[in-house]
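Thanks for coming. I will take one helix and then some charged pairs, with the structure on the screen.

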Amino acid sequence: MSGISFDRAAHFYDATRGYTPGSAERIRDGIIEQSGATTETRFLELGVGTGRIALPFIQAGYDFTGVDISQAMMDQLQSKLTALPHKTMYRYELHQTDIVNLPFLDNMFDVIIVVHVLHLVDNWQQAVDEARRVLTPQGQLVIGRDSPEGEEQDDGKTPTPVLVRRKWTEIHEDLEITRPRKRFNWHQNEAFIEYLRTTGAIARDVNIATYERPAISAREMAQRITTRMYSSDWNTPDELHTEATQHLTHWLDNDTSFNPDEAVTITGQFKAMIVHWPV
Ligand SMILES: C[S@@+](CC[C@H](N)C(=O)[O-])C[C@H]1O[C@@H](n2cnc3c(N)ncnc32)[C@H](O)[C@@H]1O
């Protein structure tokens, strides 16, 4: 197995990463527009998880295949689908599999979507090669990401839960704790760009759609982080995690100028690097 199974996160994943109603649909429409997809397009999502991105595609009747190493994550998606009306009209398949070794023939999909997965996969080069193999020659790989307001750059209006995440990163840097599974932006990753170049790929970075997350306070965000609800913290040894937690709690209780208990909505841009290989 080459990645990190999210079995342990299946029951809280949506509560911690979900969007407000309408956001996922805007993201779907943005991906369709940017990729020029039609009702004939065959979609594949790598690391489909609980269907945060997939669900609106499936509901709209698109031909959608999802794969994940975590059956528990896909079971969450399956139960959402089972609860919906019109499900006999849906065209979808879910497969438990590793994205570095896809059980599909060559040239099977027109658009492949991957969101917040590649950083979990040691051999991401192999995952990219597999994506390319199963894409049609004109196919496109959409590497999407949530970009919360204030995360990539601070304009002074950063929502307090995002400030908490930033502080958590700073604390780890100060304590020299490495978090190899921390998410990063592929379009800024030199090794990734260089790898794509060697494969002859062309890539563009685009804004897909705005999204919103349900309101949350800084203290609630700190609680999520310190109870290891995000995979970036799953590998940190207990004693270092405890030390970092003490620093974060102290900062939140003593050093901030904001109300840590005020719930605020986080808005963001769903962005994507869209890759294709000219024939
Ligand atoms: C952060 S979640 C993202 C889920 C979904 N793409 C989303 O944006 O909500 C990462 C998902 O990738 C899956 N995953 C990690 N490594 C994988 C691999 N090598 N092959 C297939 N799935 C993998 C995990 O089980 C998890 O469901």
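Start with what covers the buried residues of helix H4: the list includes helix H1, residues 13-17, helix H3, residues 54-59, strand E2, residues 63-68, and strand E3, residues 91-96. Keep in mind that this is a predicted model.

Which residues of H4 are buried? They are Met73, Met74, Leu77 and Leu81. Around the axis they cover an arc of only 90 degrees, so they sit on the same side of H4.

Now the length of that helix. H4 runs over residues 71-82, and at 1.5 Å a residue its 12 residues should span 16 Å. The end C-alpha atoms are 16 Å apart, which agrees.

On to the salt bridges. How many does the rule give? The count comes to 13. I will go through three pairs and then a network.

The first pair on my list is aspartate 106 with arginine 133, where the closest N and O atoms are 2.8 Å apart. This pair links distant parts of the chain: aspartate 106 is in the loop between E3 and strand E4, residues 109-115, while arginine 133 is in helix H5, residues 124-134, and they are 27 residues apart. Buried or exposed is a matter of cut-offs, and partly exposed lies between 20% and 50%. Aspartate 106, at 47% relative accessibility, therefore counts as partly exposed, and so does arginine 133 at 26%.

Next, arginine 145 and aspartate 205. Their closest N and O atoms are 3.3 Å apart. Arginine 145 belongs to strand E5, residues 135-148, and aspartate 205 to strand E6, residues 202-216, so this salt bridge ties together parts that are 60 residues apart in sequence. Is arginine 145 buried or exposed? Its relative accessible area is 6%, and under 20% is the cut-off, so arginine 145 is buried. Aspartate 205 has 39%, which means partly exposed.

Then aspartate 261 with arginine 219: here the closest N and O atoms are 2.7 Å apart. Again distant parts of the chain are linked, with aspartate 261 in the loop between helix H9, residues 238-255, and strand E7, residues 264-276, and arginine 219 in helix H8, residues 218-226, 42 residues apart. Aspartate 261 is partly exposed, with a relative accessible area of 47%, and arginine 219 counts as partly exposed at 31%.

Last, the network. Arg52, Asp146 and Arg213 are joined into one network by salt bridges that share partners.

Definitions and conventions. Residues are numbered from 1 along each chain as its sequence is written. This is a predicted model: local features need pLDDT of at least 70, side-chain atom pairs count only at pLDDT 80 or more; totals for chains, interfaces and linings use all residues. Side-chain values use heavy atoms; hydrogens and water are left out. Helices (H or I, at least four residues) and strands (E, at least two) are DSSP runs, numbered from the N terminus. The expected span of a helix is 1.5 Å times one less than its number of residues. Buried means under 20% relative accessible area, exposed over 50%, partly exposed in between (1.4 Å probe, protein chains only). The arc is that of the directions from the helix axis to the C-beta atoms. Contact means heavy atoms within 4.5 Å. A salt bridge is a side-chain nitrogen of Lys or Arg within 4 Å of a carboxyl oxygen of Asp or Glu.
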